[in-house]
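Colleague: Got a minute to walk me through this one? I'd like to get a feel for what sits around the ligand.

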Amino acid sequence: MPEDQHFVVVGASLAGLRGAEALRAAGYKGRISVVGDEDRLPYNRPPLSKKILTGEQAIEEVSFPLADDLGVDWHLGAAATGLDIAAQRVTLANGTALVYDRLLIATGVSPIMPQIPGRDLDGVHVLRDFAHAVKLRGALTPGRSLVILGAGFIGCEVAASARQMGLNVTIVDRLAWPMNRVMGPEMAGLFRTIHEEQGVSFRMEAAVAAFRGEGKVTGVELAGGEVIPADLVLVGVGSAPATAWLRDSGLVLQNGVVCDAACLAANGGGKIAAAGDVAAWPHLGYGAEVMRMEHWTNAFEQGAAAALALISDAPEPYLPLPSFWSDQYSYKIQALGRPKVDDRIEVVAGDLESRKFVAEYRDDAGVTGVLSVNMPARIAGYRRDLGAAIRQRATGL
Amino acid sequence: MVKIHVDMSLCEFHGQCVFIAPKEFRFEGDDLVYSEEVDEEHRARVERAAKACPQLAIKVE
Ligand SMILES: Cc1cc2nc3c(=O)[nH]c(=O)nc-3n(C[C@H](O)[C@H](O)[C@H](O)COP(=O)(O)OP(=O)(O)OC[C@H]3O[C@@H](n4cnc5c(N)ncnc54)[C@H](O)[C@@H]3O)c2cc1C
Ligand code: SF4
């Protein structure tokens, strides 16, 4: 790409930063502008539900290190509000208009707040960004009661952190098992037991009818009428792609910005790509199934891949190995691949009783995924093998 | 020489570094061990590993 070009990134976080870094590493010398609606430089989100809440890590330590020669014009505290594809222009809430030659969309996701009465009460929290984490951390006082709506990874991580801080914790979910979507019922059952041993109460297959309180939340009312006392509530029921600003753009929005196999946005004319939590693309290693991932390693890799696709003459399909980790209490959970609900699970190292094991998920074609708890050493080998299998399925090589 | 330091109070042993730079980082049992000094020619790989650490635990000088 010639040097007088302007590369604009919207979303100043992991995927966006990785995009800018990859351009520089590839020798791109033109202008790069990065737009972010938060008023701070890119920072790392995973600690926000873990060591930041317990105080084991100072919140200032989450900033990503930035190379001195990155050469980025930052537009921070400035939300993008519109995109005009024909004019190649992004407009910002502060009135600025940025004309781009290439555009990388990396606006991530926003937490979903269900339409539950009382959701505006003080003490009802969500957790996605720095400001949320500061607020939540300030409310985690020992002895208080925290009710968590949603037994996904964020909910379970906050439950673990809050128990370590000495709060009473109850998790409520419509589903039967925590973290079920990723692990399957057998493994999810193990994690429920671990949380229960640590003192967490579960109300599974329960619906929340209302948050109770005057000005400030004091309880969570379940559909049957029972009220669980609460000094604070965390709503962690999932996230939605942050695409409201693209609504009238002409891009295809369907559970994210729809892209081709190389992360180039549909209707973007080869000049727009998307990466990270906001991007949906057909994964050629999985029969072109359209995927959208909300995991760190994907945002890290896809940010670079999508940016490079925009300056390449022959963009390559993006073929990541799905990968995820979570830390709860002393348990380090790592998951690779894409197991299906009816895959067989076999423990191949360690054992469930000691909570230190590697389990393979298998179907008739072979290993579909791996779950490891407190056995990180084995994961690098699987990462290599499963990654190679994906590339082979996609390219036949 | 390239100097490597891992802040073990931040490391969660997820092994991104081991995957990217297996010559410099490896697991021994459940411990992460790493070379504290490596030749300049390996700088690019070590810096890639540091970038890929989700805990921002690896410092490279
Ligand atoms: C508390 C927490 C814990 C997590 N823990 C783990 C974990 O243990 N393991 C794991 O694999 N993953 C984890 N994740 C997920 C991981 O952090 C995300 O996958 C990653 O941050 C995605 O990066 P991204 O750049 O795509 O999006 P984001 O990090 O969401 O960044 C998007 C940015 O764009 C901004 N933005 C949105 N709309 C606009 C707009 N219109 N204009 C300008 N800017 C806009 C947002 O404010 C945000 O700053 C965690 C996430 C959270 C929140
Ligand atoms: S990548 Fe970072 S957190 Fe993971 S093992 Fe290496 S140093 Fe530790």
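Colleague: Okay, which residues come nearest to ligand 1?
Modeller: Keep in mind that this is a predicted model. There are 33 residues around ligand 1. Those that come nearest are S13(A), D37(A), E38(A), R45(A) and R128(A).

Colleague: How far is an oxygen atom of ligand 1 from an N or O atom in the side chain of S13(A)?
Modeller: A pair of N or O atoms counts as a polar contact within 3.5 Å. The backbone joins in too: a polar backbone atom of A80(A) is 2.8 Å from a nitrogen of the ligand, and one of H295(A) is 3.4 Å from an oxygen. For the side chain of S13(A), the distance is 2.6 Å.

Colleague: And how much of ligand 1 does the protein bury?
Modeller: Picture the ligand taken alone, where it exposes 1000 Å². Of that area, the protein buries 94%.

Colleague: What kinds of residues make up the shell around ligand 1, and how many are nonpolar?
Modeller: Sort them into three bins. Eight are polar and eight are charged. The nonpolar bin holds 17.

Colleague: Which domains of chain A does the shell draw on?
Modeller: Start with the elements: α1 (14–25), α4 (153–164), α7 (296–311) and β22 (323–328) of chain A each supply at least two shell residues. On the domain level, at least three residues come from each of domain 1 (6–110 + 240–310) and domain 2 (113–237).

Colleague: What share of residues 324–392 of chain A is strand?
Modeller: An unreviewed UniProt entry annotates that stretch as "domain: Reductase C-terminal". Its end C-alpha atoms are 22 Å apart. Helix takes up 20%, and strand 52%.

Key. Residues are numbered from 1 along each chain as its sequence is written. Chains are lettered from A and ligands numbered from 1 in the order in which they are written. This is a predicted model: local features need pLDDT of at least 70, side-chain atom pairs count only at pLDDT 80 or more; totals for chains, interfaces and linings use all residues. Side-chain values use heavy atoms; hydrogens and water are left out. A residue is near a molecule or strand if one of its heavy atoms lies within 4 Å of it. A polar contact is a pair of N or O atoms within 3.5 Å; within protein, one must be able to donate a hydrogen and the other to accept it, and residues adjacent in sequence count only if both atoms are side-chain atoms. Accessible areas come from the Shrake-Rupley method with a 1.4 Å probe; for residues, only the protein chains shown count as cover. Helices (H or I, at least four residues) and strands (E, at least two) are DSSP runs, numbered from the N terminus. Ala, Val, Leu, Ile, Met, Phe, Trp, Tyr, Cys and Pro count as nonpolar, Asp, Glu, Lys and Arg as charged, and the others, Gly among them, as polar. Domain bounds come from an automatic or database domain assignment. UniProt positions are given in the numbering used here, feature names are shortened, and annotations may be inferred rather than shown by experiment.
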